[in-house]
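The exercises below ask you to read a sheet, the helices that lie across it, and one residue in a helix. Work through each task with the structure open before turning to its solution.

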Amino acid sequence: MKRFACIVGARPNFMKMAPILHAFAEHTDGQPVLIHTGQHYDRNLSDVFFDELDIPRPHVSLGVGSGTHGEQTGRLIIELEKTFLAARERQEPFDRVVVVGDVNSTVAAALAAVKLQIPVAHVEAGLRSFDRRMPEEANRLVTDTLSDLLLVSEESGVDNLRREGHPDDRIRLVGNVMIDTLRRHVRRAAERSILADLRLESGCYAVVTLHRPSNVDDPAVLRALTEVLIDVARSVPIVFPVHPRTRERLKTFGLLAELEDAAGVVLLEPLGYLDFLALTSQSKVIVTDSGGLQEESTALEIPCLTMRENTERPVTVTEGTSTLVGTDAEQLRSHLQSVLDGTYKRGRCPDLWDGQAAGRIVRELLAAT
Ligand code: UD1
């Protein structure tokens, strides 16, 4: 029986790993061992996803927590290496490490594994924003360089990997595993009471999320975005579950009260998976800087105005419902208007975003290991 160390750490990892863990149950020759680094530790950024997505309790929890990038990544590597070595000492070595996405836990696990000669598979390989200022871009580049099995969610990822010289026999286009989770839960989400609780009418509000360092760490940018959101709320009510780092910045820059008091703005704590999906799947429009949400809105066929200058997920723009609006208030306003007028573009769901990606991933993992 082959043993796979499956690494999760931060919120966007949980919905990607859940279907992979479930798909292992169809096979008798592979055992997933779940390791939670504890990069995210708040209940509503972590535990709630385990409950709602039926993720088994982690075999190992490392409790690494927050810090600067260097501190956090360093602690992650130290703790993950100990875990991999301990398994080896118990005569239960890992045959492969499986990492998802682009967070610090992803790159740390890849680095700890290859130094111990454990092969690494990267789910969501090949995505590139070509913006090296993003911490996630560094994580993607390094993780792909270290991985010998590159499991890709969209065609652009295959092109990027080839261009970087990765051989074809390492690359597999398997589709988007996060959409497996979305398709599995979207009906259950619609039964939640959150719309009624917030007195929202289906199809008549916007969902906003914002947490990228490039948008929230600079006071001038965050002030401009806050003003845009207050302006948007004059046309359509907005619901904004606030990421802890964003709340902290809003407070520090003296913008929180302004946003809280604005007409048509509802600020919430970060939500669990089902409540959030209930909100997004019934919204008129999504305004976000999240990578995952660009993909989810494309799968849901809901317009997505992406507050970034670039995206590592170009298919969400070329085929899907997303438009890059940067931090430009005018752009946002004009696209919002076209959503409200009903003239905004329609999208289509990319190939292999069909709810079956996890099955393909696990078959590739077993074949390659
Ligand atoms: C991380 C990922 C980002 C992902 C995001 C989703 C990296 C480099 N970034 O960013 O790609 O889109 O997760 O949420 O890995 N905090 C809490 N509670 C927690 C965790 C964090 O309050 O459970 C606060 C702390 O103040 C912390 C800050 O959020 O310093 C940032 O957390 P961190 O894990 O460094 O990165 P995220 O911004 O969450």
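**Exercise 1.** In this predicted model, determine which strands helix H14 lies across and at what angle it runs to S12.

*Solution.* Begin with helix H14, which spans residues 291–300 and lies across S11, S12 and S13. Its direction is then compared with that of S12, to which the helix runs at about 160 degrees. Turning next to helix H13 (residues 273–281), one finds that this helix lies across S8, S9, S10 and S11, running at about 135 degrees to S8.

**Exercise 2.** Establish the order of the strands in the open sheet, and explain why one side of S10 and of S13 is left without a neighbour.

*Solution.* The sheet is built from 6 strands in the order S10-S9-S8-S11-S12-S13, and their pairing is parallel. Strand S10 (265–268) and strand S13 (322–324) stand at the edges, where each has a single partner strand, and therefore one side of each lacks a neighbour in the sheet. From one strand to the next, the twist averages 20 degrees. Within this order, S11 (residues 285–288) and S12 (residues 304–306) run parallel and are joined by 3 bridges; among the residues concerned, isoleucine 286 has cysteine 304 in S12 as its bridge partner.

**Exercise 3.** Decide whether arginine 247 is buried or exposed, and list its contacts beyond four places in sequence.

*Solution.* First locate arginine 247, which belongs to helix H11 (residues 244–252). Its relative accessibility is 16%, and because buried means under 20%, arginine 247 counts as buried. Finally, with neighbours within four places in sequence set aside, arginine 247 is in contact with Val242, Leu256, Glu260, Leu268 and Glu269.

How values were computed:
Residues numbered from 1 in each chain as written. Predicted model: local features only at pLDDT ≥ 70, side-chain atom pairs only at ≥ 80, totals over all residues. Heavy atoms only, no water. Pairing = 2+ DSSP bridges. Helix = DSSP H or I, 4+ residues; strand = E, 2+ residues; numbered from the N terminus. Axes fitted to C-alpha atoms, helices over the stretch in contact; angles between N-to-C directions. Contact = heavy atoms within 4.5 Å. Buried < 20%, exposed > 50% of the residue type's maximum accessible area, 1.4 Å probe, protein only.
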